[in-house]
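Let's look at how the labels on this model are earned, one value at a time. Each answer sets a value against its cut-off and then concludes.

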Amino acid sequence: MSGAYCIACKNKYGPLARCMFHRFPKDIERCKEWALLCHRPNLAYMEPGVCYRTYRLCSAHFKPTQYIGKRLIDNAKPSIFNWSNSSQIDNKTNLTLEPEEIKRLPSQIKGEHFYLR
Ligand SMILES: [Zn+2]
């Protein structure tokens, strides 16, 4: 049931959810970008439609400037993460990027939003 939670913080979505949940973008490049920002680089290599159908990111990861009303802007990117509280995510998948993968990252991800460990 991986689809029942926000992939970055394990907020559960459903009728009682206190935040909004957003599908991954259908666009392959933006989907990849979200995956990397969420520390889930493995998702970047899935077919974009799969991420769109399966994974959600909750509104806790988006700044208010990423919204128009209750909708995300077209090129919205998640930028608020608290990884120290979600070490169980880190343990489940190997999130360490190999140098080869880092080279393949789009340049904007290497910048302010993406922190390599
Ligand atoms: Zn979340």
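Q: What makes a run of residues a strand, and where does that leave K10?
A: A strand is a DSSP run of E with at least two residues, and strands are numbered from the N terminus. K10 is found in the segment before β1, which covers residues 21-23. This is a predicted model, so these assignments describe predicted coordinates.

Q: Why is K10 called partly exposed?
A: K10 has 13 other C-beta atoms within 10 Å. Buried needs 20 or more and exposed needs 12 or fewer, so a residue in between is partly exposed. K10 therefore takes the middle label.

Q: What is notable about the phi of K10?
A: The phi of K10 is positive, about 70°, although K10 is not a glycine. Most residues other than glycine have a negative phi.

Q: Which residue follows α1, and what is the sign of its phi?
A: H39 comes after α1, and its phi is positive, near 60°. Like K10, H39 is not a glycine. H39 lies in the loop between α1 and α2.

Q: How do you know whether H39 is buried or exposed?
A: Count the C-beta neighbours of H39 inside 10 Å: there are 20. The cut-off for buried is 20 or more, so H39 counts as buried.

Q: Why is Y45 given its label, buried or exposed?
A: Y45 has 9 other C-beta atoms within 10 Å. Exposed means 12 or fewer, so Y45 is exposed. Y45 is placed in the loop between α1 and α2 (48-54). From Y45 to K32 the C-alpha to C-alpha distance is 7.4 Å, with their positions 13 residues apart in sequence.

Q: What makes W34 a buried residue?
A: W34 has 26 C-beta neighbours inside 10 Å. Since the threshold is 20 or more, W34 counts as buried. W34 sits in helix α1, and the buried residues of that helix are C31, K32, E33, W34, A35 and L36.

Q: Which residues is W34 in contact with, leaving aside its neighbours within four places in sequence?
A: They are F24, P25, L57 and P78. For C38, with the same kind of neighbours left aside, the contacts are I7, A8, L57 and P78. W34 and S79 are 45 residues apart in sequence, with 9.3 Å between their C-alpha atoms.

Q: Which residues have the most contacts inside the largest nonpolar core?
A: They are I7, W34, A35, C38, C51 and L57, in a core of 15 residues. The elements giving two or more residues to this core are α1 (28-37) and β2 (56-58). Of the elements, α1 gives the most, with 4 residues.

Q: How many helices and strands does the protein have, and in what order?
A: There are 5 helices and 4 strands. Reading from the N terminus, the order is β-α-α-β-β-β-α-α-α.

Q: Where is the confidence lowest, and where is it highest?
A: The lowest mean, 48, belongs to helix α3 (residues 87-92), and strand β3 (residues 67-68) has the highest, at 96. Over residues 89-94 the pLDDT is below 50, and this stretch has 3 contacts in the model beyond near neighbours in sequence. Where pLDDT is low, the predicted coordinates should not be read in detail. Across the protein the average pLDDT is 79, and 69% of the residues score at least 70.

Note on methods. Residues numbered from 1 in each chain as written. Predicted model: local features only at pLDDT ≥ 70, side-chain atom pairs only at ≥ 80, totals over all residues. Core = buried A, V, L, I, M, F, W, Y, C linked by C-beta atoms within 7 Å. Contact = placed C-beta atoms within 7 Å. pLDDT = per-residue confidence, 0-100.
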